[in-house]
Structure formats: structure tokens, C-alpha cells
Amino acid sequence: MDFAPSEEQQAIFDMAREFGAEHIAPYVEAWEEEGTIPRDLWPKLAELGLGGIFVSEEHGGSALSRLDGTLIFEALSMACPSVASFLSIHNMCGGMIDKFGSDEVKARFLPDLCAMNKIWSYCLTEPGSGSDAAALRSRAERTNEGFRLNGAKAFISGGGYSDCYLTMIRTGEDGPKGISTVVVEDGSDGLSFGAPERKMGWKAQPTAVVQFDDCLVPLDNQIGEDGRGFSYAMAGLDGGRLNISAAALGGAQAALDRTVAYMAERKAFGKTLDQFQALQFRLAEMETALQSSRIFLRQAAWKLDQGASDATKFCAMAKLHVTDRAFEVANQCLQLHGGYGYLADYGIEKIVRDLRVHQILEGTNEIMRLIVSRALLAEAR
């Protein structure tokens, strides 16, 4: 197995990194203050083929691999993990529709998704069901007019901002087999949103509760089969965990790059910081943590691309390992900046704030441990 990027993959990485440096990094402080991302950013990304990364070319996508995706999100996150992660959620929705939707549904939704004429959000978590996602209570009743939805989704990136909400909803019995997937379009009767959440990080990314009160959705907005929504959601999360890990890795790499440059300039006791052996050792540990994380992440992506039987376990292990190591590195970078690391001007405190949530979303790292341990024990039987 060779996880070194090919020439084409290196070009993809460089393209995404250059885009982020020009179109994202200079503006992230202003976007944080405004609590939103300008909508005119998305068509520019779509022009590069990044609106439908995992969508087939037939429907306007780029049909790239999961490994390609990790390179893209790592590169974009060097400019801003929050913006890159929002794009990853949009692409997770596109990948799920391309994989599980009917031909009619794909033709109707995917071209605008890939062109980013419409922005998508993923709606699984509810106020009373986070880690235990199969316990979701939002319900859809099938009527002659369509599905009538009642309930709420919590912590939704793009709530009140996006154009379409890929929603896991209960259409049958309790448990995972009673969940289906539907598309709720902005402007639907009975669709409303909570106030924007006040968050520690990801401040540029609008987040809100999505509320359904007798919300009417056409029957042909269903994705796939009745009762398969939970399995679709979990399949989508395998790729989502890779993306969110890549975004954490990119943010931590940016923090380390800034720290190395800072330590070459900052002096203490007559020497630059990079001349102290104890601090050199800390740099070595951080570099090792990021490089090992990068290899692990690419192996997991390769497993998912190959359809390996243990791909879910590897995606969970990668998410656990990479997001933990990335946050540790970013936090150490802040420490090495001293008081300056705590100031917004140096950009490190933002990375620390942004990366903290990567240990929670797309399944908490405690749930990743559960997935890995269950798979390990099943293999041993």
C-alpha cells in the first residue's frame, strides 16, 4: 500500500490550499464576527469541482475518492477548519444522495448541489438523542399530501442558512429500522429555525435548531427505501469522520507551521526559542503526531474506497486518533506562543477553539471507542 499522493492528488491538494490562502484565510476573522460565511464563496469552490466531490460525473460531480477528499479538506482547513468542515457536510449529503437516491431524485437534486446553487445540511442529531442516534423521535406521517414532519433537530450546521436539509426521520417502529431519509427544502410549510447558537468555535459557521411543526414534504423527496435511513446515515458518517479528521489535521498543521516560524523569531534569554533543546523535543513530538495521523487517515480512506469489511472500524479509529492528536498539537502550539497564543492576532487560539468540537461531532470520540472495541471483540469470536 502506497499512501503517498500521486501527481494528480498533489495538484488537487495544492489547488485547495492555494484557494484557501487567497479566498478564505484573509477573511476568517470578519466571518467569525459576522457569524456567517458569504454565500458567494460557494460557487467559486464549485468551479473547482469541490461542490460534489463524491458525486458521479453524470450528475455534475467530480467522482473523486475518499482519499482525494481527505487531501482537499486538510488543505482547505489550513485556512479555516470551520469553513472546510461546512463544505464537508455539504459533500457528505451529496455522496449519500448519489449512493442511495433514485435516478429521479439524483437528477432533481444533484446538479444544483454540485454547482452549489443550493447548500445542504445534514440533520440527524436531536435534543434528546446525540450519541444514541437510533433513539431519534422526530416523526413523519405519510399522508395523501406528502410526509408531515414533527420534531426538532439540534446542532445543525447551516440551520437557517442552507437551502436543503437531508433529514433522518422516524416513519415506523422504534429503533434503527424505523428511520427513513427525506429532503426538506427551505421554505417548506412548517419549517422553522431556532436562534443562532453561541459557540466556542466554528463561529463563522451558522448553527441552529431545525424545527418541524406539521412540516409538509413531498413523498418523492424520500431518499432510498423506507426504514433504511439509519443505515444511510451511518454509511454517510464513515466518510464524514474521515473529512472531519482531515479538517482537524489541516488546522493543526497550520498551527504547527505558525509555531515553527514564531519560534525562529521570538527570543528569550538571548536565544531564539527554537534553540532550546526542550522546545525542539516538543516540536519533534508534534511533528510525529501529525505525520502518524496523516498516514493513519489515508489508510482508513483507502479502506473505505476499497469497500473493505473493516472500513467502519478504521474510520472510527482514524477519527479518534487524528482529532485527539490534532487538538493536542494545536493546544501545545498555543502554549509555545505564550501569552501571544491567547491573542486573536496570532490565529492560534481560533484553531484551538475550532478543533475542540472535532472530538465531539460525527460521533463523539467515546462512541468511536465503542465502535472499535465492538469490532475488535467480534473479530476475536
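## A pocket and two of its neighbouring elements

Strands β1 and β4 (residues 164-170) run in the parallel sense and pair over 4 bridges. Before we go further, please keep in mind that this is a predicted model. Within the pairing, Ser121 stands opposite Tyr165 in β4. The side chains of β1 split between two directions: Trp120 and Tyr122 point one way, while Ser121 and Cys123 point the other way. Whichever way they point, all four are buried.

β1 (120-123) also takes us to the largest pocket, since it supplies at least two residues of the lining. That pocket has a volume of about 1200 Å³. It is lined by 44 residues, and those closest to its centre are Thr125, Ile360, Leu361, Glu362 and Gly363.

Sorted by class, the lining looks like this:

| Class | Residues in the lining |
|---|---|
| Nonpolar | 23 residues |
| Polar | 11 residues |
| Charged | 10 residues |

Which element gives the most to this lining? It is α7, with 6 residues. Helix α7 spans 229-265, and other elements that each supply at least two lining residues include β3 (147-157), α10 (348-356) and α11 (365-380).

Helix α5 (81-100) is another of these contributors, and it deserves a closer look. Of its 20 residues, 18 are buried, so the helix is mostly covered. Its length can be checked too: at 1.5 Å a residue, α5 should span 28 Å, and because its end C-alpha atoms are 28 Å apart, the two values agree.

Methods:
Residues are numbered from 1 along each chain as its sequence is written. This is a predicted model: local features need pLDDT of at least 70, side-chain atom pairs count only at pLDDT 80 or more; totals for chains, interfaces and linings use all residues. Side-chain values use heavy atoms; hydrogens and water are left out. On a 1 Å grid over the protein atoms alone, a cavity is a set of points where a 1.4 Å probe fits but cannot get out, and a pocket is an open set with protein on both sides within 12 Å along at least five of seven lines; lining residues have an atom within 4 Å of a point. Grid points are joined across faces, edges and corners, and a volume is the space filled by probe spheres set on the points. Ala, Val, Leu, Ile, Met, Phe, Trp, Tyr, Cys and Pro count as nonpolar, Asp, Glu, Lys and Arg as charged, and the others, Gly among them, as polar. The expected span of a helix is 1.5 Å times one less than its number of residues. Buried means under 20% relative accessible area, exposed over 50%, partly exposed in between (1.4 Å probe, protein chains only). Two strands pair if DSSP finds at least two bridges between them.
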